[in-house]
Amino acid sequence: MADLGESVAVTALSLARQFARGGTLWCIAPEWPEHARHVAVEFVHPVLVGKRALPAVSIDSADPAADLRPLVRSGDVVLAIGPSDSAVILALLRRAEAWGATTIWVGVGPRPAPHTATHLVWTDEDSEPSASSAASMDASSAPHDGRLVLLYHVLWELTHVCVEHPGLLTPTAATDFSDDDVCITCSDEGRLGEVIVADASGRARVRTARGIEVIDTTIVSAVAPGDLVLIHAGAAIAEVL
């Protein structure tokens, strides 16, 4: 529970900072769309009467990556609710990084692989549930037993609390949770990019968190629109499968 509390607090602070910079929260829950709608409604509903509503939109789509691609801006947040084996969520979150979005994955049960989202707000299954609750406390019951609702309700309330404290909204050395590791040779880091268009000469236009860039692709095999590549020093050094 201590780890869960810390993850909720860190996620709420990160989310509040994105709202303060003008970001929008995009909510998806492919398996349980009612939860995405619930999250969006809560964030546009201030915790305290008279306080600002926070921009949040629910997307109900069989292919949220395709629908969100033209909508998500750098600095936005994509929040997904669903099981760790959701192929739809995985496909979206891995692309959202290239769009410059912070990603949050909320769920119950077996955890996703590390680094599949910027923030995980996750509670594990009870390893030893009581006999009377065993049938109702497995991961498959989570959409209906209130555990998911509790997670994102606490996140919603704590985010509004952070927004009401402007001193928290500017990162400091003690509260900046980003990874500042860069190449000591060229001061660049490996960044994710989504190919927009590529040509036969080994150049491609890609979308990254910094915007649209033209990169060299001669190191990797031929790329096509929609492919994800790892960019370093202006060149694609690997395809991301």
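1. A quick term before we start: a residue counts as buried when its relative accessible area is under 20%, as exposed when it is over 50%, and as partly exposed in between. Glu213 comes out at 18% relative accessibility, so it counts as buried. Keep in mind throughout that this is a predicted model.

2. Glu213 has a partner, Arg191: their side chains meet in a salt bridge, 2.8 Å from N to O. The two sit in distant parts of the chain, with Glu213 in strand E8 (residues 211-216) and Arg191 in strand E6, 22 residues apart. Arg191 is buried too, because its relative accessible area is 11%.

3. How many salt bridges does the structure hold? There are six. Besides the one just described, have a look at Glu194 and Arg69, whose side chains also form a salt bridge at 2.8 Å, N to O. Glu194 belongs to strand E6 (residues 191-198), while Arg69 is in the loop between helix H3 (64-68) and strand E3 (77-81), so this pair ties together parts that are 125 residues apart in sequence. Glu194 is buried, with a relative accessible area of just 3%, whereas Arg69 is partly exposed at 29%. Arg95 joins in as well: Arg69, Arg95 and Glu194 are linked in a network of salt bridges.

4. Now for Arg207, which you'll find in strand E7 (residues 203-208). What is the nearest side chain of opposite charge to Arg207, and how far away is it? That would be Glu194, 5.1 Å away; Arg207 is buried yet has no salt bridge. The cut-off for a salt bridge is 4 Å between a side-chain nitrogen of Lys or Arg and a carboxyl oxygen of Asp or Glu.

5. Arg207 does have backbone oxygens to turn to. Its side chain reaches the one of Arg69 at 2.6 Å, and a polar atom of the same side chain of Arg207 lies 2.4 Å from the backbone oxygen of Val72. Leaving aside neighbours within four places in sequence, Arg207 is in contact with a list of residues that includes Arg73, Ala98, Trp99, Leu192 and Ile212.

6. Over to the loop between strand E4 (102-108) and strand E5 (119-123), where Pro110 lies. At 48% relative accessibility, Pro110 counts as partly exposed. Pro110 and Pro83 are 27 residues apart in sequence, but 7.8 Å apart in space, C-alpha to C-alpha. Arg111 forms a salt bridge with Asp124, with the closest N and O atoms 3.0 Å apart. Arg111 is in the loop between E4 and E5 and Asp124 in the loop between E5 and helix H5 (142-145), so the bridge ties together parts 13 residues apart in sequence. Arg111 is partly exposed at 42% relative accessibility, and Asp124 is partly exposed at 42%.

7. Last, the aromatic rings: the count comes to two aromatic pairs. Phe19 and Phe43 make a tilted pair, 6.0 Å centre to centre with 35° between the planes. This pair links helix H1 (residues 2-20), home of Phe19, with helix H2 (residues 33-43), home of Phe43, across 24 residues. Phe19 and Phe43 are both buried. The ring centres of Trp105 and Trp122 are 5.7 Å apart and their planes stand at 85°, so that pair is edge-to-face. Trp105 is in strand E4 and Trp122 in strand E5, so this pair ties together parts 17 residues apart in sequence. Trp105 and Trp122 are buried as well.

How values were computed:
Residues are numbered from 1 along each chain as its sequence is written. This is a predicted model: local features need pLDDT of at least 70, side-chain atom pairs count only at pLDDT 80 or more; totals for chains, interfaces and linings use all residues. Side-chain values use heavy atoms; hydrogens and water are left out. Helices (H or I, at least four residues) and strands (E, at least two) are DSSP runs, numbered from the N terminus. Buried means under 20% relative accessible area, exposed over 50%, partly exposed in between (1.4 Å probe, protein chains only). Lys and Arg count as positive and Asp and Glu as negative; His and the chain ends are not counted. A polar contact is a pair of N or O atoms within 3.5 Å; within protein, one must be able to donate a hydrogen and the other to accept it, and residues adjacent in sequence count only if both atoms are side-chain atoms. Contact means heavy atoms within 4.5 Å. Rings of Phe, Tyr and Trp (its six-membered ring) pair if their centres lie within 6.5 Å; planes under 30 degrees apart count as stacked, over 60 as edge-to-face and the rest as tilted.
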